[in-house]
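The following report describes the fold and packing of the model shown below, moving from one chain as a whole to its sheets, helices and cores.

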Amino acid sequence: MSLKDLAIDRAGSIVEVAGAGAVAQRLLAMGFLPGTSVRVVQVAPFGDPITVEVDGWRVSLRLSEAASLKVRPA
Amino acid sequence: MSTESGAVLAAPAGAVPVAVVGNPNTGKSTLFNALTGARQQVGNYPGVTVERKTGLCRTPGREFLLVDLPGTYSLAASSQDEQVVVDVLSGRLPGEPRPQAVLCVVDATNLRRNLFLVSQVAEAGLPLVIALTMADEAGKRGIRIDAARLSARLGVPVIPCAVPRGQGVAELREALVQVAGRPNAFPPVPWPPAVAEAVREVAAADPGLTPAEAHRHLFDLEPAREPAPAVAAVLGKARQRILDGGLNPVSAEAYLRYRHLDALLEGSVSPADPVRAARPYAVDRFLTHRFWGLLAFCTIMFGVFASIYWVADPIMKGIEWLQGKFQVWAGEGLTSRPMLQALVVDGLINGVGSVVIFLPQILILFFFVALLEDTGYMARAAFLMDKVFSWTGLNGKSFVPMLSSFACAVPAILATRTIEDPKARLSTILVSPLMSCSARLPVYSLMVGAFIAPRFGALWAGAAFFAMHLLGLVVAIPIAFFINRFLLKLRTLPFILEMPPYRLPTLRGVAMKMFSNGKEFVVRAGTVIFAFSILVWALTYFPHPESVGRETEAVARARGLGAKDVERAVGSAYLEQSLMGRFGKSVQPVFAPAGFDWKITVAALAAFPAREMLVATLGIVYATEGEADSSDLRDRLGQERWPDGRPIFTPVVAVALMVFFAFCLQCGSTVAVMAREAGWKWAAFAFAYMTGLAWLGAVAVYQGGSLIWGKGA
Ligand SMILES: Nc1nc2c(ncn2[C@@H]2O[C@H](COP(=O)(O)OP(=O)(O)O)[C@@H](O)[C@H]2O)c(=O)[nH]1
């Protein structure tokens, strides 16, 4: 499953960052590496984007970006 | 796109250029301000809409020229901003001296992620100092950092700071003096043999490349700028080598770098206390809630918008009053030299006034922008609004500029600087002036007051006002879509936005941002706005043969008019035969399909430098009072007839004229600011598309209206 499907307040662990473009590389550079744990902390009022906590900081992403982060629920 | 590059780029002799780099939200601007004080200059890098800010940092022995580079998480150059950082560090920008040292701003609450960029920057080989900002916040979250040990491990000075309290700033200055001339000793990433070999291959393809650039070419799969053919030719093979070494070229850099950093950080940092670390985010439960969050958002935005509108208004009235006093005073002193009088009163003083008039709005808007940014709320606003903008290709960051342009497009265009992506920024700049700004109000009130309210009642008058405000917004969204999609070929912008912890802003920080934007507006746009005002004055003044005045005066007196009316008749006669008047008459056929006669055409043309001048110009054209609520002017408009006796001003023509004003870019100041921010080419484009839209809209209303209600309605 991907980060997009993770319910609010649920944590997971990154398995893979899919894709080979600038977005995937940016996420990797920000620390979304396999093995890192992430947690969905907010969902915007219209359902998109979402905010996730990673490595002690928070970042919001669109569902389309979150879809490229494959996670295993904790 | 700056024309001042020559002047700005010239560093004072002897000042050592130092680049300031760091992630966004690390307190980089606060630190920059603390090190340089008010000695700053702002401009653009030539050819790109990336802001270039420099400032002088004095130490007893030396002077440093700090160059503030755009905030970024990585040197992977997938945007113009990041490309500029790489280029500056490598000394690739023409006219920009290569920095002789780098000051890395590192957020202590987020050490690991921040050091990713530092380790990339270190590959440039320059002397390096790390400013460990937010050290106070890290302490509050229970993060313990052993700075001495860390400094020893990283091979570069690490200075903990709490900048708003002044801690660490003096030590940073000292550290800059100490590292000068000494290449950094940051331990390089121990690349596995396959990667090291691949880097060597890329570097060998172009001996001019710096090691940092060679790494970028190898690792960045989607660069903003294609590498030179010689380099591009070896990339496939080099990346294959990484693959053969058992690593994925997409993730190899991040994986290896982070592993290296984890080893370096070992034993120098203790993790945060989770309960305490969550505190600065606690209000998010409320501020991003699907009901309360939206309510809070609307309240905050309404507050911001209302303040720009209502607080600035009395100040602007005051400025106008002062300007009027000045004009009377200067006019009286120069009665013996009529042409000089006109130049000073209507040209110079008016020109200065038209620059100063924007300052209240700009200062108030930037006060709020700085407040929203420094508290961390701006990121939440973008988060809440993203969905609304995402389908046009933009993201939530366009919201604040768009909203502000309902007050005035000039500060709004300046506010687009908060949008990092240059294309998104450009398209927001291009559509912002479509929002109905406060200067359109007098035009609407004149037309609605004269032709809608009396015939159809207050309800329709109110509806007309509302519709005129909505109109701009309704067309702006599809236009933004087309501009993004077909003109700028904007790839749908990713939305990856850090939500910084909520912070209490400092008054000093907010005030500095507010005043530096005000100053910059006056320096950069003010001169152009001023020049425009003089030009337009000249077009409406010349030629100015005395005979016209004498003859008109004689005729008017013979008709028994009072002194005031005689004066008005003379003004009207001069305008009619001025360059502007002649031009208006000759292009009237173009506006005929919109139902405009030559007088409306001249007034509309004369309003191109500033749309609010329409009312005053109509006053001159019809030789009556130029006020929106003047019953004289309303009556005169109502009496105007075509040669065949039909009234010129019908409700349909009134609406056509309003639609024309709603769409048209009749604001020299906006054009000037656009040109400053995005270049003359784009300013010309905006002017052309909006004028075209205005004409089409007015023609559609007039033709459609005439079809339904007949020509005389
Ligand atoms: N506690 C603390 N706050 C800081 C420090 N430096 C900056 N800030 C605050 O952090 C916010 C963002 O700072 P700014 O300089 O605009 O960040 P930038 O986005 O990196 O330029 C502001 O509210 C500052 O007052 C610091 O060292 N400690």
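Among contacts in chain B between residues at least 6 apart in sequence, 75% join residues at least 24 apart, where contact means heavy atoms within 4.5 Å. This is a predicted model, in which local features need pLDDT of at least 70 and side-chain atom pairs count only at pLDDT 80 or more, while totals for chains, interfaces and linings use all residues. Residues are numbered from 1 along each chain as its sequence is written, chains are lettered from A and ligands numbered from 1 in the order in which they are written, and side-chain values use heavy atoms, with hydrogens and water left out.

The C-alpha trace of chain B spans about 95 × 55 × 55 Å along its principal axes, and 56% of the 713 residues of chain B count as buried (buried means under 20% relative accessible area, exposed over 50% and partly exposed in between, with a 1.4 Å probe and protein chains only). Chain B holds 32 helices and 8 strands; helices (H or I, at least four residues) and strands (E, at least two) are DSSP runs numbered from the N terminus.

Two open sheets are compared in the table; strands pair if DSSP finds at least two bridges between them, and angles run from 0 to 180 degrees between N-to-C directions, with axes as lines fitted to C-alpha atoms, for helices over the stretch in contact.

| Strand order | Pairing | Average twist |
|---|---|---|
| S2-S3-S4-S1-S5-S6-S7 (chain B) | mixed | 25 degrees |
| S5(A)-S1(A)-S2(A)-S3(A)-S4(A)-S8(B) | antiparallel | 40 degrees, direction ignored |

In the sheet of 7 strands, the edges are strand S2 (40–44) and strand S7 (158–160) of chain B, each of which pairs on one side only. Strand S5 (residues 101–107) and strand S6 (residues 128–133) of chain B run parallel and are joined by 6 bridges, with B:Val102 standing opposite B:Leu128. Helix H7 (residues 169–179) of chain B packs on this sheet, and its direction makes about 165 degrees with that of S6(B).

The sheet of 6 strands has strand S5 (69–73) of chain A and strand S8 (496–498) of chain B as its edges. Strand S1 (residues 11–17) of chain A is joined to S5(A) by 5 bridges in an antiparallel arrangement, and A:Gly12 has A:Pro73 as its bridge partner in S5(A). Helix H1 (residues 22–29) of chain A lies across S1, strand S4 (57–61) and S5 of chain A together with S8 of chain B, running at about 25 degrees to S8(B).

Helix H9 (residues 211–219) and helix H10 (residues 229–244) of chain B pack at an angle of about 70 degrees, with their axes 9 Å apart. H9(B) is therefore roughly perpendicular to H10(B), a class that covers 65 to 115 degrees, whereas under 35 counts as roughly parallel, over 145 as roughly antiparallel and the rest as oblique.

The largest nonpolar core, a set of buried Ala, Val, Leu, Ile, Met, Phe, Trp, Tyr and Cys residues joined through side-chain atoms within 4.5 Å, has 122 residues, and those with the most contacts inside it are B:Met447, B:Phe649 and B:Phe660. Helix H30 (residues 651–663) of chain B gives the most to this core, with 11 residues. Apart from this core lies another, of 68 residues, among them A:Val17 and B:Ala108.

B:Gln588, found in helix H26 (residues 579–591) of chain B, is buried, with a relative accessible area of 17%. Not counting residues up to four places away in sequence, B:Gln588 touches B:Phe596, B:Asp597, B:Trp598, B:Thr601 and B:Trp642.
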